[in-house]
Every structure is written in C-alpha cells, then in structure tokens.
Amino acid sequence: MCKWKGGKRTVECIDRALIYIPEGVDPETQVLDMSGNNLQILPRDNFARVGLVNLQRLYLRNCRLGQIDNTALKGLLNLVELDLSNNLLTYVPTSAFKEVPNLRDLILSRNPIQKIDSHAFKTVPGLVKLDLSNCDLKTISPHAFEGVEFLESLKLNGNKLYELRPKTVEILSRLQGVELHDNPWYCDCHLRAAKLWLTNNNIPYPIAPKCSGGPERIARRTFAQLDLEDFACRPEIRLDSRHVEATAGDNATIICRVESVPEASISWYMNGRLLLNNSAFSSYQRIFINERGTFDKKSILTLTNAQEADSGDFYCLAENRAGNAEANYTVHVSYRMAGMTSLGSGQIAGLSAALVILILFILLVILILLIRLRRVPFSESKTPGQVEVVANGTVSQKPATPVTVETSTFVERKETNPVQKPPRVPESPVELSNPDLINDTREDRPASGEYTRANDGLYPATVWEDGYLGGRTPNYGLPIPGSAPPPSAKTLRVWQRGVPVLPPVNALKRVLSRNSPDEGYQEGCGTDV
C-alpha cells in the first residue's frame, strides 16, 4: 500500500510474510513499514540494491530478525528513525549503525539482549531517543553510553537490572526523562551513583523505581523515598596483620584500613574503653588518631611511650548506615634489649654499611702507603747521621754535623771544633790504602778538587808511635786494646743510618709530606775520621 502519511510518501507492507525487501517500490519513498514479516536476516546492501536510499523512517518490528549485516543499511544517509523492536537480536548491531550516522531515534525494545557493551552507540552520535525497554538486560558497561551525550530520552524499564555501575549514566546530563521501573534494583552503594545522578540533574521519571533488595530498612521503598546516604554498603576492613610488635619506651602504631560507601566513621576501643584523639592514656602516655581518605579510609592509632603492661587487644569499629564491621589487633610490647638485638633492621644495615666504608678507606690508605714506600731505596735515609765520639776511652753520641769537603783552602776552626787533631807531619813514604780517610788539602793536589787515594793521607801512619800501634797494621785511628793513644788524640766516628723503621703514623706522615723521593737522602755507610 502506497500512501501519503504525515506529509511523507509512505509504503506499508505489514504482515505479508515477506522474507526480503520487495523490488519495484518507488525510489522516492520516505517511510517504509515492513512490520510483521519473516525477514530473519538483513543481507548486505539490502536497501541500496532495491534503490531505497531516500528513506527517512524504517519500521522492522516483529520480523524475526536475528542478524543484520554490517552493510545492510548502506546508503541510508537520510535515515533518522529505526524501529527494530520485538525481534531476536541478542546484541546491539553497532557496526551496522555506522551507515546511518544521522539516526536520531532507535528502538531496540523486546529483544533478548542481555548486555550493553562499552561504546555500543558511538557510531550514532546524534542519537536523541533510545529505547531498551523489556529486554533481558542484566549488565550495562560503565562506558556504554559514551558518544551519545545529546541523548534526551532513555528507557531501561522492564529489564533484569539490579545495579548501575559508576560512570554508566553520569555523562547523560541532557536527559529530559528516564524510565527505570520494573527492575529488581538492589538498593546499596552500587546504586549510589545513579541516585546522585538523578538528584543533581533533576531528571524526571514517570514511574519511580522501587527497591527489590538491600537492607531490610529500605526494602520495597522507592528511590524518591530514600536519601543519598541510604544507598550504602556495609564497611569492609582489610587486614594486613592483626599482630603488632613494639618496644618499651617507643610508640606503638596500629593501622585500620576500611573500604565503605558512603564514608564510614571509625572508632577505637581497648577493654571496652573508647579511645579519643589527643587524649591521655595514662599519666605519661597519650593517644593520637589520624585518618586519611574517604571511601578507602586509613585510620592510624599511635600510643606514645608504650610499656609492657599495655600489651593486649585493641578494637577498630567502622560504621555507616548499611551496618558496621570490627577487627581486633593484638599489641605486644617487649623490653628493650641491650646490644645489637635492640637495633632495628634499618639501623643494623646502616651500621654495616658504615663499617664496610671504613674498612675500604683503611685499605685504600694502606695501598697508597705501600705504593709510595716502594719508591724509597733502602740505601737512603732522611734522618741525619749520628756522631760517635771516642775520647780517652769514653764513647758519647752527639748529633752529627754535615762533613763538608771543600775544594778551597782548608780552614781549621779550633774554637768551634771539639775534636783536636794531631799536628801535621811531613809526608811519609808509607802508602795508605784506606780510601775512606779524609785526604790532605795540599797545594799540589789534583786540579779536579779531589784527593788522590795514595800517599796523601791527612794523618800519615808515622804520626802514631810504634808503642801505640804495636808494630801492627795501622788501624786508621781506632784505639788498640792495651795501649793508650796519644794524649792529644781523639776519634770521631760518623755513621750514616739506613732507612729508619718508624711507627705507622710517623711513616705515613713522612711519606705524605716528602716533596720528592730523594729529598734529604744521602748514599754511603759510615766513615771513620
């Protein structure tokens, strides 16, 4: 039947048992009603193939539709209203709706759809009216209505919904009407967001939804009769540990974690005694209670200067309109033990780290010391020599003054030199082979400034009488047992020390303060004069 209806060219093919869209329909048709047929499937390019691309309204009620191809609605760019009610669809054909981006009214009522997935209507952003009534809806995803923020009418009545999760309908701020009745709503904290949404946006509903489940005090009451705080869940206490250890003299801390909607009030008890924040526990102890968070709240109780007598059970009680929950914590206070056992694991770790650093530093210093000491020859000495004076059988130690041999004229200072030399005698033909004697500064000495090693001794062997030398090989000035030296003779024994053996601290100072490896060192051993 082709007729004009509402100023639109309309074609009605109702209850004709058709299994496909008939051909030969006027392409100028704007409204097509195929309700009551047996289409079952809408194949690809279904309307573009028969030339019906000018449709503005399409009614496919009660056509036993169970499947719609993703391109079945291709070409219907002018379509603004689509009725798919009372069919066999088990899902929302989101992909098929991308071919009708200007759709404004969508009716999916009386289909066995059990779940609305996230972003189910994102392909029809201009949607104004949505009817999902009398389906088998049990779950609506939190982001199901994202992308249709301009929705003005929503029907969810006659389903099996018992909750609306947070962020499910909060974005629908332009709704002018919603139908939520005839659902088994369980009125607890899971409907709190829906109640808050209805209240804040002042969204009207023709029939008030009623609570079918929940606490007995609100059962069978309507949303309009309940306050926001009535949509509550019983608090739950999350226990990390019921046992608390403390040391005498320190603070004992107990943490109670509570999850609840709405926010729960938390109280602390010990032996039936209510503990209040900043109150006296005893004459030398106080109680401090600190709370953080709202729906996920943490209550921290601190007992100062805990003693062994404070060991016992502390109770945490959380309450809101839905009920209460409690948990007990056992506090054990032990005496402080001396030594390492009284330290905490953090303190022990800190001491261990400090000890390791100290040992490494000492090893580094020793390594530097050994490296520098290896550069010092054993034949060198930084300590001045000692002068051993042998005079008339008496030996004394005096600090030695440097023995200087100059190439210029030898100057004898009798006033300052404590050693009296024997008078010089003419040169003797006796040859002296001891190279350590200080040679004479004769006028005919070699021009190089050094003494010769033969026949030019400063004190020839003839200076000593035979009675003193005893006819034996000259001893170069050393006293001979059993004989007395000349009354005017004295002996100087000059020693040059080797590398001194010093305590570790002095050795370290000496090595670190030396400007160069050879500073103050001289070679050689001892020389008798």
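Let's start with one pair of residues. Aspartate 33 sits opposite tyrosine 59, which belongs to strand 5. What holds that spot together in the backbone pattern is a pairing of strand 3, residues 31–33, with strand 5, residues 57–59. The two run parallel, over three bridges. Keep in mind that this is a predicted model.

Now zoom out. Strands 3 and 5 are neighbours in an open sheet of nine strands. The order is 1-2-3-5-7-8-10-12-13. Pairing in this sheet is mixed. Look at the edges next. Strand 1, residues 2–5, is at one of them, and strand 13, residues 177–179, is at the other. Each has a single partner strand, so one side of each has no neighbour in the sheet. From one strand to the next, the twist averages 10°.

Next sheet. This one is open too, with five strands in the order 16-18-23-22-21. Here the pairing is antiparallel. Which strands stand at the edges? Strand 16, residues 236–238, and strand 21 do. Again, each pairs with a single strand, so one side of each is left free of a neighbour in the sheet. The twist in this sheet averages 30° from one strand to the next.

Let's walk in from both edges. Strand 16 first. Strand 16 runs antiparallel to strand 18, residues 252–259, and three bridges join them. Arginine stands opposite arginine here: 238 faces 257, the latter in strand 18.

Now the other edge. Strand 21 covers residues 279–282, and strand 22 covers 285–292. They are antiparallel, with three bridges between them. How many residues does the hairpin from strand 21 to strand 22 pass through? Two. Within this pair, serine 279 lies opposite isoleucine 287 of strand 22.

On to a helical stretch. UniProt, in an unreviewed entry, lists residues 348–371 as "transmembrane region". What does the model show there? The chain over 348–371 is 100% helix and 0% strand. The C-alpha atoms at its two ends are 35 Å apart.

Last, the whole chain. The count is four helices and 29 strands. There are 529 residues, and 36% of them are buried. Take the contacts between residues at least 6 apart in sequence: 60% of these join residues at least 24 apart. The accessible surface is about 30400 Å². Carbon and sulfur atoms account for 53% of that surface.

To recap the sheets: nine strands with mixed pairing in one, five strands with antiparallel pairing in the other. I'll stop there.

Terms used: Residues numbered from 1 in each chain as written. Predicted model: local features only at pLDDT ≥ 70, side-chain atom pairs only at ≥ 80, totals over all residues. Heavy atoms only, no water. Pairing = 2+ DSSP bridges. Axes fitted to C-alpha atoms, helices over the stretch in contact; angles between N-to-C directions. UniProt positions renumbered as here; feature names shortened; annotations may be inferred. Buried < 20%, exposed > 50% of the residue type's maximum accessible area, 1.4 Å probe, protein only. Contact = heavy atoms within 4.5 Å. Areas by Shrake-Rupley, 256 points an atom, 1.4 Å probe, with all protein chains shown as cover.
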